[in-house]
Amino acid sequence: MRTPFVAGNWKMNKTISETRELVTALTLKLKEIGGVEKVLCPPFISLAAAAALLEGSGIGLGAQNMHWEEKGAYTGEVAPAMVKELCGYVILGHSERRAYFSESDEIVNRKLHAAQKVNLTPIVCVGETLEQYESNQTREVVSRQTSQGLKGVTSEFAPQIVVAYEPVWAIGTGKASTGEAANVVVRDFIRPAIAELYGQQTAQAIRVLYGGSVTGANAEEFFSQPDIDGALVGGASLKVDDFYAITKAAAR
Ligand code: PEP
């Protein structure tokens with residue numbers, strides 16, 4: 001049995017004081033929901049404030065990115081051990097990082113290995129662009145991102161990885177995929193790519209999320225699919241009632 005997983009990616013939203021307000025409101029609402037791994041991912045600068053408020057809440061904290069090196073002359077970057085002091089999770093290879101910051105599969109893989117070193121649970125994002133979707137390249141792109149991005153970690157660490165299937169054309173557009181179509185990608189492309197790396201057992205143990213315009217209204221459609229274990233939520237994670245509804249749907 002895979003424990004359902006819901007993570008909120010706040011992206012570049014909320015100041016430190018706004019983070020305190022939103023975390024406080026979410027903590028109150030989400031505490032009654034059990035049986036779901038819940039994670040909030042505010043911007044780096046707000047992680048310390050969020051960590052203090054989340055203590056004992058049963059809600060985890062994640063960063064949206066990190067560098068792969070341990071430390072050194074990388075102005076503006078944040079090292080894995082720095083993230084680890086505050087967080088249990090880190091999002092890696094989000095499509096916005098791939099598109100605007102030139103993150104390749106190789107970079108994502110280096111970051112994954114860095115996460116393993118400090119024992120952070122990585123949420124690795126994969127997904128095809130609209131152009132790739134329209135030219136029937138979904139299988140090729142998603143399989144490649146999964147096998148290149150996830151390769152080379154230990155068989156002990158691999159089951160801890162969380163994968164998020166996020167079709168780029170569905171992110172922030174209000175045009176979510178369908179539960180059935182997303183399930184096909186997870187079942188036929190992502191889990192087989194993981195199985196090739198780590199075997200069938202690990203491929204079945206790893207949580208795979210859907211992300212892309214998930215709301216309280218459509219979450220159930222994705223969570224009722226056998227291969228989808230939760231959601232990575234962008235816009236709706238900034239709205240208390242929506243994120244609550246999504247988390248509640250994951251618990252069912
Ligand atoms: C995301 O950024 O990971 C995401 C899924 O965004 P949204 O839910 O806003 O589409």
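Where is the place of Thr247? Thr247 sits in helix H11. I'll start there, then move to a second helix pair, then to the empty space. One caution first: this is a predicted model.

So, Thr247. Its relative accessible area is 0%. The cut-off for buried is under 20%, so Thr247 counts as buried. Who touches it? Set aside the neighbours within four places in sequence, and Thr247 contacts Val6, Leu30, Ile33, Val36 and Lys38.

Leu30 takes us to helix H1, because Leu30 is one of the H1 residues that meet H11. H1 covers residues 16-30, and H11 covers residues 240-251. Two packed helices are described by the angle between their axes and the distance between the axes. For H1 and H11, the axes come within 10 Å. They cross at roughly 35 degrees. The crossing is right-handed.

Now the contact itself. From H1 we have Leu22, Ala25, Leu26, Lys29 and Leu30. Facing them from H11 are Val240, Asp241, Phe243, Tyr244 and Thr247. By class, that contact splits into seven nonpolar residues, one polar and two charged.

Stay on H11 for one more residue. Ala249 is also in this helix. Is Ala249 buried or exposed? Buried, because its relative accessibility is 2%. Beyond its neighbours within four places in sequence, Ala249 contacts Ala219, Glu220 and Phe223. Ser224 is worth a look too. Ala249 and Ser224 are 25 residues apart in sequence, and their C-alpha atoms are 9.2 Å apart in space.

Next, the second helix pair. Helix H7 runs over residues 138-150, and helix H8 over residues 179-198. Their axes are 9 Å apart, at an angle of about 30 degrees. This crossing is right-handed.

The contact list here goes as follows. H7 brings Thr138, Arg139, Val142, Ser143, Thr146, Ser147 and Leu150. H8 brings Val185, Asp188, Phe189, Ile190, Ala193, Ile194, Leu197 and Tyr198. The breakdown is nine nonpolar, four polar and two charged.

On to the empty space. Rolling a probe the size of a water molecule over the atoms shows where empty space is left.

How much space lies in the largest pocket? About 530 Å³. There are 19 lining residues, and the closest to the pocket centre are Lys11, Met12, Gln64, Arg97 and Phe101. Which helix gives the most to that lining? Helix H4, residues 95-100, with three residues. By class, the pocket lining holds ten nonpolar, five polar and four charged residues.

Then the cavities. How many reach 30 Å³ or more? The count is one. The largest cavity holds about 40 Å³ of space. Its lining is Gly93, His94, Ser95, Arg98, Cys125, Val126, Gly127, Glu166 and Val168. Helix H4 appears again here. H4 and strand E5, residues 121-126, each supply at least two residues of that lining. The classes come out as three nonpolar, four polar and two charged.

To recap. H1 and H11 cross right-handed, and so do H7 and H8. Thr247 is buried, and Ala249 is buried too. H4 contributes to the lining of the largest pocket and to that of the largest cavity. That's it from me.

Technical notes
Residues are numbered from 1 along each chain as its sequence is written. This is a predicted model: local features need pLDDT of at least 70, side-chain atom pairs count only at pLDDT 80 or more; totals for chains, interfaces and linings use all residues. Side-chain values use heavy atoms; hydrogens and water are left out. Axes are lines fitted to C-alpha atoms, for helices over the stretch in contact, and angles run from 0 to 180 degrees between N-to-C directions. Helices (H or I, at least four residues) and strands (E, at least two) are DSSP runs, numbered from the N terminus. A crossing is left-handed if the near helix is turned anticlockwise from the far one by less than a right angle, and right-handed if clockwise. Contact means heavy atoms within 4.5 Å. Ala, Val, Leu, Ile, Met, Phe, Trp, Tyr, Cys and Pro count as nonpolar, Asp, Glu, Lys and Arg as charged, and the others, Gly among them, as polar. On a 1 Å grid over the protein atoms alone, a cavity is a set of points where a 1.4 Å probe fits but cannot get out, and a pocket is an open set with protein on both sides within 12 Å along at least five of seven lines; lining residues have an atom within 4 Å of a point. Grid points are joined across faces, edges and corners, and a volume is the space filled by probe spheres set on the points. Buried means under 20% relative accessible area, exposed over 50%, partly exposed in between (1.4 Å probe, protein chains only).
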